[in-house]
Structure formats: structure tokens, C-alpha cells
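Me: Please look closely at one part of this structure and explain how its strands, helices and side chains fit together. I should like a single connected account that I can follow while viewing the model.

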Amino acid sequence: MQDTLDDPARASAFAPIERRFNEMHAASRRDPPASAAERRAALQALRDAIFTHKAEFARAISEDFGWRSPSETYMAEIVPALSIVTDALKNLNRWMAPEPRARSVLFFPARNRVYWQPKGVVLIIAPWNYPLDLAVAPLAAALAAGNRVIIKPSEMTPKTSAALKAHVEQALGTGQVTVVTGGPEVAEALCRLPFDHILFTGSTGVGRKVMAAAAGNLTPVTLELGGKSPAILHEGCDLELAVQRIARGKLLNAGQTCIAPDYVLAPAGMVDTFAAQFARTAGSFYPRILDNPDYTAIINDRHYRRLLDLVDDARAKGARVTVIDPANELGGTLGSERSRKIAPVVLTGVSDQMAVMQNEIFGPVLPVVGYVSLDEAIGYVNARPRPLALYYFDGDSARIEKVMRETVSGGATVNDTVLHFAQENLPFGGIGPSGMGAYHGREGFRTFSHARGTFLQSRLTVTSLLSPPYGKTFKSLIGYAIRRAAGRLWGP
């Protein structure tokens, strides 16, 4: 990241934000950690704010997109955001409780405990594609852990950001949660402040910059990135059901979902059958494109043109392009520049030389790649950067176990897509280029907590015999400890 504060005007504009951070930082060091009652009150206030203003959030998100299906917003943002806050309220006492840990017989009768302490002040950088849920979900975890929080929403969703600022700050108070708006230069400047933790959701490229900026203060980071998440079909799967579930996951939010199936790996003899079935299914989901209230627009002109370029590049390099336009609204084109809606597209005959197979698609374009054996499909996935999600469709438990064991991804769903994200009791996160760290449920609480390992010594203990002068008793005890530590207590 470049130094964004060299410009005096920018530095002056950022000064109030830096003062707010300094106030939060000082309070986190001065005041005692928030009690369970205080954390519960904060979570209840957050939940009430989302529920009370849910219609306003849905309108704001739709206006930011040009059109976002309200039904999708309620299903994919309002419900998950409320659910994850409610889950934190339900489990808060259990998460906060000190955790007993085993101790060696050598230290009897002492005890071990892990105490979960707030880290302090947390920065959450939220993306544009799910601008409410991907701000609220980590916020709920950070509040449950007892932290103060600064949220930086995406500059690409200004109306949603304004609604977050108005309602979340009012509900919780700016001393506990502050929403900071602005462009990339604000995010860059924030990442240089000595936060106690940063959670960033966005692209892998920007994630690298966030991590580099955080390194200056040794700030730990959780990175929720992206990547090309595959859906693998076995020839024995229920094809109609698999297509329906892949289409639902792929076309949700017009494909602008970090865990959407990015491409399909199908047995070579099923590629054309799958493509034809996907076209029929997508057409039944969206019989019209341009004036269909259930179909979401692409977020902005740049991303709209990027998706057109991906399809044009694939076509020029030999891919077969199927545009799913049941009502013949588009006249042979891919979409409408005025509405920024792009029809679902299936690509077959793709190759690694095509840009669509090199970059995360993030839109309603689905390449289908043929494979000969399951081992080949597994090898194809493993030869590429580790994805954020992986989907496998099969009814055979042995093969399911093989795919889960022999591939690595941030998360996975078997015989469906994207639904692992909706499980509050599963950790959500990436690995390698698709991210690091996890949140949701207990994992979110622990991400924003410091696990303080604590040894509670007793008045009388065997370790009192280990002080100098080192005589016969000491040597016997040390000999016993060595044999025990080496697993040779009863051996030669």
C-alpha cells in the first residue's frame, strides 16, 4: 500500500478517524473487559437494529446494485445476519467460560485453564457483494468477544454504508462501534493503525496489501478471500438434482458470491448433457432477465464489462458459448448495459489459456470442464490454488470420503452448494490464496479473543521438590519425568 497520508488534505480528513481509534484504544486498555451482560446488551441492540431497519437495508442494497432482488437480500443477508447474532446470544456464557485443560500428573494437584480475553480494538473491512451480512457476522463475533470495533464498508455500496453508519452507531454508540466511510485510501490508512486484529473480506490481491500493512504493527489478520471454487460431479450422481443445486448457488446474487461454484468438473461424457440441463434449469428459474425482480444486476460498469470480456476471450479461444435468454430479450447479446443485467452463460470446450479459467469469475458465467477419472478431477483441483469452497455430488460414501480426504479447500458442501456458509456451528474461512483464519459461531468468538493459558498452582505440589540443592530425591523425580516424557515409563 502506498502512504495515503502524505496529502495534507487527506491527512486532515483522516484525523477524526484516527482520534476515534485512539479513544477506543485507550478505553480498551483503561476499562475492565465487558461483562457478559454488557456484551449481551450490545448483541441485542445490534439484532434489534437489523430487524427494525431490514426493509431500509434491502432498499439500500438494491439501489447500490442498480437492482438487487429483495428476496435474495432477505434470504442471503437479513436472515443470516440475524441468525448469527442470535447464535452468539444463545452461546455467549458457554463461550466466555474459562476452559479447563488437562495437566500432567507431574504437576498434581495444580490446574490449567484457558481464559478468553478481548483483544481490544478490531477493524472489519467489509466487501460490496453482501454488504450487510459480511459486516454484521464478524461484528457479532467481535462484540461477543468483548471488543470495540471500527467497520470500513465498501465504497461501492454507499447507501448501505450510510444505513449501517446511521443505525449501528445509533444502536451501539460510537465508543463501541464506529462505521467509517470512504474510498480505498481510507482503508489503507486504517490498516496502518495499531489495531489488535483486522478481518478483511475481499480479493486475494487486496488481501496481500492488508496483510503487508498490518505487519508493520504485528497486527494479526483474518483474511476471507476468494478463488475458483469447483463443483465436481460423479457420473453416478443425480444429475437433475445436482444441476438444480449448482444453478441455485451459481446464480444467487447473479454469481457475485465468493463461494459460488466457479466452474464444474463433469465426466467427459456428461459435459454436453450437463450444459443442456443447466440451461433448462436456469431458464426455469429466470424465464425473463431484464425485468425479472428475482434476478440481480452486476454491481457496476467495470464488473459488467469485465464479465463480457471474459466471455469474449473464451469464445475467441474456441469455447462454445450458450447464453440462457428464454424470452429472447437480448437479441444475441449477453446483457443490457443500461440495467447491468447479464444472462446466465454456460461455457464448454474451455481451456487453461482462457482468462475465464485463470481468474475468479464472480458473475453468472459457468465453465464446464470434462474429466476421465475421479483421480484426474482431484488432481485438477489440487494442481491449482486452494479454493475457498469445494462441492461434490455423489451418493457413494466411500467416494465422498475420498474427495474430502484428498482435496483441500476452505470449506465444503456435499450434494449441494454454498450452504456450509449458513451453518453457525461450522468455521468459515479460506486457506492459502483463499484466506487464513475463520469465524462464525465459536470460531468467530475465538478469532477475536486472546486465549490466555493460565496455570493455577496449589500450595502443596511435587514441584516444590525440584528446587536446589539437587540431591537424590531430585534425581529420582527427574529420571521419572524423563522416562514419562519419552513414553518409556514401562518400557526398556
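**Strands, a helix and its surroundings**

Reply: Strand E4 (residues 148-152) pairs with E5 in the parallel sense, and three bridges join the two. The model in view is a predicted one. Within this pairing, Ile 151 has Val 179 of E5 as its bridge partner. Both strands belong to an open sheet of six strands, in the order E5-E4-E3-E6-E7-E18, with mixed pairing. Strand E5 (177-179) and strand E18 (435-436) stand at the edges of the sheet; each has a single partner strand, so one side of each is left without a neighbour in the sheet.

The part for the close look is helix H10, which comprises residues 271-285. At 1.5 Å a residue, its 15 residues should span 21 Å, and the C-alpha atoms at its ends are 21 Å apart, so the expectation and the model agree. Which residues of H10 are buried? They are Val 271, Phe 274, Ala 275, Gln 277, Phe 278, Thr 281, Ala 282 and Gly 283. The elements that cover them include helix H9 (239-251) and the strands E8 (230-233), E9 (263-267), E13 (345-348) and E14 (365-371).

Among these covering elements, E14 is itself mostly covered, with six of its seven residues buried. E14 pairs with E9 in the parallel sense over four bridges, and Val 264 has Val 368 of E14 as its bridge partner. E14 also runs parallel to E13, to which three bridges join it; here the bridge partner of Val 345 is Val 365 in E14.

Two residues of the helix lead on to the nonpolar core. The largest nonpolar core has 86 residues, and Phe 274 and Phe 278 are among those with the most contacts inside it, as are Leu 46 and Leu 233. Leaving aside neighbours within four places in sequence, Phe 278 is in contact with Val 243, Ile 246, Ala 247, Leu 251, Ile 324, Val 346 and Leu 366. Apart from this core lies another, of 33 residues, which include Ala 254, Leu 265, Leu 310 and Ala 319. In soluble globular proteins, nonpolar side chains tend to be buried together.

The aromatic rings come next. The whole structure holds 12 aromatic pairs. One of them joins Phe 285 and Tyr 286 edge-to-face, with 6.3 Å from centre to centre and 90° between the planes. Phe 285 has a relative accessible area of 29%, so it is partly exposed. Tyr 286 counts as buried because its relative accessibility is 9%, and buried means under 20%. Elsewhere, Phe 65, Trp 128 and Phe 362 form one aromatic cluster. Over the face of Phe 65 lies Arg 68, at 4.9 Å from the ring centre. In a similar arrangement, Lys 54 lies over the face of Phe 51, at 3.8 Å from the ring centre.

A last residue to examine is Lys 341, which is placed in strand E12 (residues 341-342). Is Lys 341 buried or exposed? Its relative accessible area is 4%, so Lys 341 is buried. Not counting residues up to four places away in sequence, the residues that Lys 341 touches include Trp 67, Ile 289, Leu 290, Tyr 295, Tyr 304 and Leu 334. The C-alpha atoms of Lys 341 and Pro 364 are separated by 9.7 Å, and these two residues are 23 residues apart along the chain.

Terms used: Residues numbered from 1 in each chain as written. Predicted model: local features only at pLDDT ≥ 70, side-chain atom pairs only at ≥ 80, totals over all residues. Heavy atoms only, no water. Core = buried A, V, L, I, M, F, W, Y, C linked by side-chain atoms within 4.5 Å. Buried < 20%, exposed > 50% of the residue type's maximum accessible area, 1.4 Å probe, protein only. Contact = heavy atoms within 4.5 Å. Pairing = 2+ DSSP bridges. Phe/Tyr/Trp six-rings, centres within 6.5 Å; stacked < 30°, edge-to-face > 60°. Lys NZ or Arg CZ within 6 Å of the ring centre and 35° of its normal. Expected span 1.5 Å × (residues − 1).
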